[in-house]
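Reader: I have a structure to look at and some words I do not yet trust. Could we go through them one at a time?

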Amino acid sequence: MRIGILTGGGDVPGLNPAIQQVTREACARGWQVVGIRNGWAGLLGINPDDDTANAQHLMPLDRHTTRGIDRFGGTILHTARLHPDTVREADMPAFLEPQATYDDRRWADMTPHILRVIDHLKLDALVPIGGDGTLGYAARLGEEGVPVLAIPKTMDNDVQGTDVCIGFPTAITRSIRAVHELRGTASAEASIGVIELMGRHSGETALLAGYLGSADRTAIAEVPVDVERLAALLTQDLRAGGEAGAVMVISEGATLEGAQASADDPVRTDKFGNKRLGGVGDTLARDLTQRLGVPAFSLQLAYLMRAGAPVSQDSLIARAFGTLAVELIAAGNTGRMVGLQNGKYTSVPIARTGEGASQVDVERYYETATFMPRITRPGMGQSLSF
Ligand code: F6P
């Protein structure tokens, strides 16, 4: 048996322990493991007709080459956000260009090439580790007959079919720390600290970090923020108890109602034309300062949420997911994604990842009137409160 493994999308702490675990479990069964560098871009770059330059896209993995990697964040295999069913002309390897057929946006579906490469590498199964985008393409390969066994990772925790993804626990831990630490600054200056958290259009990072970090208010991506009402509540918070100052968290994907946008607020897009989020905290802090006459500052925690070594819970789920993935491949039970539901490790058909990103169930878990999480016994994802 020979399996391939790749990591796609943004890097998160926990990817290296997952790579290590899959490798250890596979090697213990006498299998070969081939790491594919740079996610799907690595497979795209392999030339089945000429092996001369193919080694740069591959990393043979075994117990020795993966020793110690679990201590570090990032991914030894590196990663890319490219999806082989929508490859831009600019990302096409030179040896492929003459064969490519582009649509009117000059993007091409390179799946036939990917299938040839998987065949050329003699892979009996493929283990893609990623979020929505990576797993969406994994599902496509599953439909094409490739035995895939996916592992969910994203700090946003918005993959359907699992309560927790690799990277989310570390993101929450880093965010709670920021809330606690910035409280001192907010208190010292009797000011309002606004901490903006990544999570795209899911408010789960903000909701759970706000709850566990005891932020005074939490604004999530799913609920437009009535700035006037929020300002009134923060005014009360500033005077509450013995502590001066207030700290709130806000999802990067939140929208503000009634805030003054500034001409400096740029609309940024990535190279695929997707709107880049980030900056809502700055706009809010500026508005609060003007509106309330108290100092407000903002901090984008951004990539620090997914940087550095994994916290224990990320190492733990990465290992459990890795073991389960290899067990399922050994049993011939592919076309699935491993996951954790209601405290139990399990797997779901990989097609579930096509249901789109999950979002916070606002009715159940959020108090819109007070900008407060409504959580009693905290869980994660679809089991946010047991
Ligand atoms: O690169 C920024 C960003 O897309 C954020 O908007 C988002 O919260 C995060 O990265 C997603 O990361 P991941 O790749 O773990 O899903």
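Reader: How do the residues of the shell around the ligand divide into nonpolar, polar and charged?

Author: This is a predicted model. In its ligand shell, four residues are nonpolar, three are polar and six are charged. The shell has 13 residues, and T154, D156, G199, E252 and R306 are the closest.

Reader: What makes the pair formed by the side chain of T154 and the ligand a polar contact?

Author: The cut-off for a pair of N or O atoms is 3.5 Å. In T154, a side-chain N or O atom is 2.6 Å from an oxygen atom of the ligand, so the pair falls within the cut-off and is called a polar contact. D156 also has a polar side-chain atom 2.7 Å from a ligand oxygen. At G199 the polar atom belongs to the backbone, and the distance to an oxygen atom of the ligand is 2.8 Å. The protein covers 89% of the 400 Å² of accessible area that the ligand has on its own.

Reader: Which domains does the shell around the ligand draw its residues from?

Author: Domain 1 (2–167 + 308–355) and domain 2 (169–305 + 362–384) each supply at least three residues of the shell.

Reader: How far apart are the centres of domain 1 and domain 2, and how many residues of each are in contact?

Author: Taken over C-alpha atoms, the two centres are separated by 33 Å. Between the domains, 25 residues of domain 1 are in contact with 18 residues of domain 2.

Reader: Why is H57 called buried?

Author: Buried means under 20% relative accessible area. H57 has 15%, so the word applies. H57 sits in the loop between α2 (39–44) and β3 (58–61). Apart from neighbours within four places in sequence, the residues in contact with H57 are G35, I36, R37, G42, G45 and I46. L328 is 271 residues from H57 in sequence, and their C-alpha atoms are 26 Å apart.

Reader: How do you know whether R71 is buried or exposed?

Author: The word exposed is used over 50% relative accessible area. The value for R71 is 57%, therefore R71 is exposed. R71 lies in the loop between β3 and β4 (87–88).

Reader: Which residues does R71 touch, not counting those up to four places away in sequence?

Author: R71 touches A309 and P310. T218 is 147 residues from R71 along the chain, with 32 Å between their C-alpha atoms.

Note on methods:
Residues numbered from 1 in each chain as written. Predicted model: local features only at pLDDT ≥ 70, side-chain atom pairs only at ≥ 80, totals over all residues. Heavy atoms only, no water. Near = heavy atom within 4 Å. Polar contact = N/O pair within 3.5 Å; in protein donor to acceptor, adjacent residues only side chain to side chain. Areas by Shrake-Rupley, 256 points an atom, 1.4 Å probe, with all protein chains shown as cover. Nonpolar A, V, L, I, M, F, W, Y, C, P; charged D, E, K, R; others polar. Domains from an automatic or database assignment. Helix = DSSP H or I, 4+ residues; strand = E, 2+ residues; numbered from the N terminus. Buried < 20%, exposed > 50% of the residue type's maximum accessible area, 1.4 Å probe, protein only. Contact = heavy atoms within 4.5 Å.
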